[in-house]
Amino acid sequence: MELTSVRGLIVRETPVGEYDKLLTVVTEEMGRITVSGKAIRSLKSKHMPATQLFCYSSFTLRKSRGYYYISDSALIESFYGLRLDLDRLALASYLCDVAAEMAVEGVGDEDLLRLTLNALYALANNKEIPIAQIKAAFELRCAAIEGFLPNLSACDVCGCAPNEAERLYLDVMNGRLLCKNCLRNVKHTEDLIDDGTAHIYLRLTRAIYEAMRYVTEAPPNRFLSFQLAADELPQFGSVCEKYLLNHIEHGFYTLDFYKSIL
Ligand SMILES: [Zn+2]
C-alpha cells in the first residue's frame, strides 16, 4: 500500500452520505488534491479535529484506485478566529476558493499555500489590518505569484518613471503601467483598429501605486504590512479584484456572498 505524507490547507469540503466528506486540500508537496474522508463527520472519528474547512493539517494518505484516503491526521492550525465573525468567514471562503482554483493537481505550489495561510492567519488574528486590505493584497499577490505579475516599474510604452508621470494607469489585460500621454495614444490606436478585444484601464493614485509595488515586492510574511488611507482603500480593492478576476476570467459565488453581507 502506498502511503504519502503531506501538509495542506482544507479549502473546500463536500458532505457525502451520512458521515463522509470529500476534501479539497491545497498542499505544499502535490498542489491540489482531493481526499476522501470516510466517516470523518462522525463524532467518534479521530480525524474530525484536523479535517474541518480552513484547517491546516498534516496527513498520511493512502492511495487506492486513484483516490486518497486518510490514514493519519494532525491539526497544525485551525484559524479558529475566522469562525467568530461572518465577514471574516465569508472572505476566508473566497480566498480559499481562489487558492483552490489556482492550485494545480500534482504540482506543489509553496508560495500559493504560504500566501493563503498568511492571509487566513491575519484574518483570524489581526484586528488592526482592515479586511478589505487583506482581500486586496491577497488578490494582487496571488496574481503575481501565479504568473500575472504586472510590470509596475515604468510606463510600458515610453519608459518614463512612475514618479515623473502626471498620471498613472494600469492596463489590466496586458499587466502593464501606462502614463497619461501613452494611454491617450494607445486608446487612439485601439479606436482605429477595433478588433473587439476588451480593454480595461484603471487610474492609479500615487498611494495605490505605492501599495501595489509594496504588495508585489514584500517578503511573503510582510505583504500585509503597509498602510493606506481609508479613502484610498476602496479603489485599491477594486483595482486588485479586477486585476485578479480578469486574469482568472470568471467570478466566484463566494465573492458575491462576501459582498452581499458587507
Ligand atoms: Zn508613457
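Helices and strands are here DSSP runs, helices of at least four residues and strands of at least two, numbered from the N terminus. On that basis the chain of this predicted model has 7 helices and 9 strands.

**The whole chain.** Begin with everything displayed as a C-alpha trace, whose atoms fill a box of roughly 65 × 40 × 30 Å along the principal axes. Of the 262 residues in the chain, 38% are buried, and among contacts between residues at least 6 apart in sequence, 63% join residues at least 24 apart.

**The barrel.** Next, select the sheet in which 5 strands form a closed barrel in the order 1-2-3-5-4, with mixed pairing. Averaged over this sheet and with direction ignored, neighbouring strands are turned by 50° against each other. Now restrict the selection to strand 1, residues 2–16, and strand 4, residues 56–64, which pair in the antiparallel sense over 8 bridges; one place to look is Arg7, whose bridge partner in strand 4 is Ser58.

Add helix 1, residues 86–102, which packs on the sheet and touches strand 1, strand 2 (20–27) and strand 3 (31–37), its direction making about 130° with that of strand 1.

**A residue of strand 4.** Stay with strand 4 and pick Ser57, which is found there. Ser57 counts as buried because it has 23 C-beta neighbours inside 10 Å, where 20 or more are required. If neighbours within four places in sequence are left aside, the residues in contact with Ser57 are Gly8, Ala50, Ser73, Ala74, Leu75 and Ile76. For a distance to check in the viewer, take Lys38, 19 residues from Ser57 along the chain, with 17 Å separating the two C-alpha atoms.

**Helix 1 with helix 7.** Return to helix 1 and select helix 7, residues 253–261, as well; the two pack at an angle of about 160°, with their axes 8 Å apart. Helix 1 is therefore roughly antiparallel to helix 7, the term applying to angles over 145 degrees. Their crossing is left-handed. To display the contact, select Leu86, Asp87, Ala90, Leu91, Ser93, Tyr94 and Asp97 on helix 1, together with Thr254, Leu255, Phe257, Tyr258 and Ile261 on helix 7. Coloured by class, this contact shows 8 nonpolar, 2 polar and 2 charged residues.

**Helix 1 with helix 3.** Keep helix 1 and exchange its partner for helix 3, residues 131–148, where the axes come within 11 Å and cross at roughly 5°. These two helices are therefore roughly parallel to each other. On the side of helix 1 the residues to select are Asp87, Arg88, Leu91, Leu95, Val98 and Met102, which meet Ile131, Lys135, Phe138, Cys142 and Glu146 in helix 3. The residues of this contact divide into 7 nonpolar, no polar and 4 charged.

**Two loop residues with positive phi.** Most residues other than glycine have a negative phi, and the last stops concern two loop residues that are worth selecting with that in mind. Move to the loop between strand 5 (67–77) and helix 1, the place of Phe79, which has a positive phi of about 50° although it is not a glycine. Is Phe79 buried or exposed? Phe79 is buried, since 21 other C-beta atoms lie within 10 Å.

Finally, go to Glu249, in the loop between helix 6 (233–248) and helix 7. Glu249 also is a residue other than glycine with a positive phi, near 75°. Glu249 is exposed, because 6 other C-beta atoms lie within 10 Å and the limit for that class is 12 or fewer.

Technical notes:
Residues numbered from 1 in each chain as written. Predicted model: local features only at pLDDT ≥ 70, side-chain atom pairs only at ≥ 80, totals over all residues. Pairing = 2+ DSSP bridges. Axes fitted to C-alpha atoms, helices over the stretch in contact; angles between N-to-C directions. Contact = placed C-beta atoms within 7 Å. Parallel < 35°, antiparallel > 145°, perpendicular 65-115°, else oblique. Left-handed = near helix turned anticlockwise from the far one by under 90°. Nonpolar A, V, L, I, M, F, W, Y, C, P; charged D, E, K, R; others polar.
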